[in-house]
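Here are some short exercises to work through with the model open on your screen. Try each task before you read its solution.

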Amino acid sequence: MAISRDIRCGPVHFNLRDITVEPVLFLYMFAVNVVLPTLQALAYFKVCIQRYNASFCQQLRNVTFQQEHSEENDYVQSTTSHWILLANVAMTIPACFTVMLFLGSFGDKVGRKFPVVLPILGAVAQSLASLLNAVFPYAPLGFLLIGPLLSGMCGGIIAALMAVFSYITHVAPPETKTTRIGILESMIFLAGTLGVFTSGVMLDGTSFTFVFGFSAGLQCLALVYVVVWLEDVRPPEPVVLRSMCGRWAWESLKEVMQFVRRPRAPRVRLTILLLVLSIDLILLCTVGELDILLLFLRREPLAWSQTLFGYFKGLENLLRGLVLMVALPLLKRKLRVRDTSLVLGGLVSKVAGLVLLGLATHTWMVFCAGVVSMGQGLPSVGIRSMSSSLVKRDEQGRLFSVVAASESVVAVLAALLFNTVYPESLHFFPGFSFIMAAIISLAAFFIVLYLHRTGTAELCTPQPFDRMAEETDTEHESSSRDEEDFHIAEVASEDHFGYIT
């Protein structure tokens, strides 16, 4: 159980009780960033070794050898990309159903602790399944899908993010919500700093089995933290058991549909829709870039090693994490920057980084792209904060389950799109996929620019808790008010304290 203890360091102070799901997300994403590039490298190795031999595959890392055997290199790259696509599908489709039909409503109706636990269990299963694939490298390539499938059935990364963001938006005071979300989001990048860097050095120095075993240990540590430290957040009324067992999935789906169709002020409904669309476009580019980046960097003329890839991803994630932990609080507290301004600035950083990466022909250009894109963590923070401010507290789980469901669909589309376009563009412009991602990110930029110009940042500004009234039928009584007043009354009246810990 969390301990209340105030810690001061000069003008900065915080309470240990405020540390909730941040360590969980750090450990989870640390393990994910260890597993993901290692699993891609394992797929690359299995594809190559089952078609050629170990000596040939070892020499394929050499630039000159790649040029001399371009046809074989293209085969390994294309086939690996195909299996990465299948692994993404195997994880995201089950995850979509798990989040939509179970975890989202479970957090709102039963408690927010179990939705944090389940994805961790799935990640442990994935690490162990990947370890077995490493032990038996000549096993059929289809066995690569077992780990992602098990993780997806437990919700996968999408469920983990849904669970922790639902938790933090529920417990965080409105005046610090954006900052708390930013700190939580920074855990993703700081974990990536250690995870990807560690995986590269560890893989070059040890073996696939050691790396996957290490990842399973990290997830077990996260599980212990949740059980021992994290407080549950539960509704005051218990859920009927027959609903949990017999009709839970159907009722959950109906509740999600009711949430989507619920009467709201027209401007509020449009804002939610545009925010979800924006974060989906951003995720489309992020997932696509992640799928093809290792293949792109291992190809000549760059021909990176796994260790160099780890250095790059480590630096990239460190810079993004520092922006969220240091720059974001200063921008919010000192300069009172609007959330839409944060999103726009982050998207500019993302677009510039993608363009530079797509044009990169030298190692220094790739590292410059990582520095230029250091602000790309800001968009998701601003969008999550704004969207969570548009619904009441007992709808946070359903909101993020809808977002997670749309993200799972987008993740599949990203895998299909980028893993199809990348092999087809190898012969004329290997960096074409990154330029395509930059164009898609520009679409998100113009959507947020529209929200910024129309004053949506003020619409999404959360009201202090002590000014909120008791829940009333505001939706039916405020039809004569203008749209802004309607929304403020709706949030103020419906955002209640009907949850216990």
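**Exercise 1.** Keep in mind that this is a predicted model. Find which residues Val226 touches, leaving out residues up to four places away in sequence.

*Solution.* Start at Val226 and look for its neighbours: Val24, Lys113, Val116, Val117 and Ile120. Next, zoom out to the largest nonpolar core, which has 130 residues. Val226 is among those with the most contacts inside this core, along with Leu25, Phe165, Leu297 and Val366. Last, look at helix 1, residues 22–51, which gives the most to the core, with 18 residues.

**Exercise 2.** Work out how the span of helix 18 fits with the expected one.

*Solution.* First, get the limits: helix 18 runs over residues 432–453, so you have 22 residues to work with. The expected span is 1.5 Å times one less than the number of residues, which comes to 32 Å here. Now go from the first C-alpha to the last: helix 18 reaches 32 Å, close to what was expected. Then step past the end, where Gly455 takes a positive phi of about 80 degrees just after helix 18.

**Exercise 3.** Is Ser441 buried or exposed, and which residues does Ser441 touch?

*Solution.* Ser441 is found in helix 18. Its relative accessibility is 0%, and the cut-off for buried is under 20%, so Ser441 counts as buried. Not counting residues up to four places away in sequence, Ser441 touches Cys285, Leu347, Lys350, Val351 and Leu354.

**Exercise 4.** Describe how the rings of Phe312 and Phe367 are paired.

*Solution.* A pair of aromatic rings is described by the distance of the centres and the angle of the planes. The structure holds twelve aromatic pairs. For Phe312 and Phe367, the ring centres are 5.6 Å apart and the planes sit at 85 degrees. Planes over 60 degrees apart count as edge-to-face, so that's what this pair is. Now check where the two rings come from: Phe312 lies in helix 13 (residues 306–333) and Phe367 in helix 15 (residues 363–372), so the pair ties together parts that are 55 residues apart in sequence. As for accessibility, Phe312 is buried at 2%, while Phe367 is partly exposed at 22%.

**Exercise 5.** Do the same job for Phe445 and Phe446.

*Solution.* The centres are 5.5 Å apart and the planes make an angle of 80 degrees, giving an edge-to-face pair. Then look up each partner: Phe445 is buried, with a relative accessible area of 17%, whereas Phe446 is exposed at 52%.

**Exercise 6.** Which ring faces do Arg51 and Arg384 lie over?

*Solution.* Take Arg51 to begin with: it lies over the face of Tyr75, at 4.2 Å from the ring centre. Then turn to Arg384, which lies over the face of Phe165, again at 4.2 Å from the ring centre. You've met Phe165 already, as one of the residues with the most contacts inside the largest nonpolar core.

**Exercise 7.** How many residues apart in sequence are Ala404 and Gly155, and how far apart are they in space?

*Solution.* Along the sequence, Ala404 and Gly155 are 249 residues apart. In space, C-alpha to C-alpha, they are 9.7 Å apart. Ala404 lies in helix 17 (residues 396–425) and is buried, at 2% relative accessibility. Finish with the contacts of Ala404: not counting residues up to four places away in sequence, they are Val99, Ile158 and Met162.

Terms used: Residues are numbered from 1 along each chain as its sequence is written. This is a predicted model: local features need pLDDT of at least 70, side-chain atom pairs count only at pLDDT 80 or more; totals for chains, interfaces and linings use all residues. Side-chain values use heavy atoms; hydrogens and water are left out. A nonpolar core is a set of buried Ala, Val, Leu, Ile, Met, Phe, Trp, Tyr and Cys residues joined through side-chain atoms within 4.5 Å. Buried means under 20% relative accessible area, exposed over 50%, partly exposed in between (1.4 Å probe, protein chains only). Helices (H or I, at least four residues) and strands (E, at least two) are DSSP runs, numbered from the N terminus. Contact means heavy atoms within 4.5 Å. Rings of Phe, Tyr and Trp (its six-membered ring) pair if their centres lie within 6.5 Å; planes under 30 degrees apart count as stacked, over 60 as edge-to-face and the rest as tilted. A charge sits over a ring if NZ of Lys or CZ of Arg is within 6 Å of the ring centre and within 35 degrees of the ring normal.
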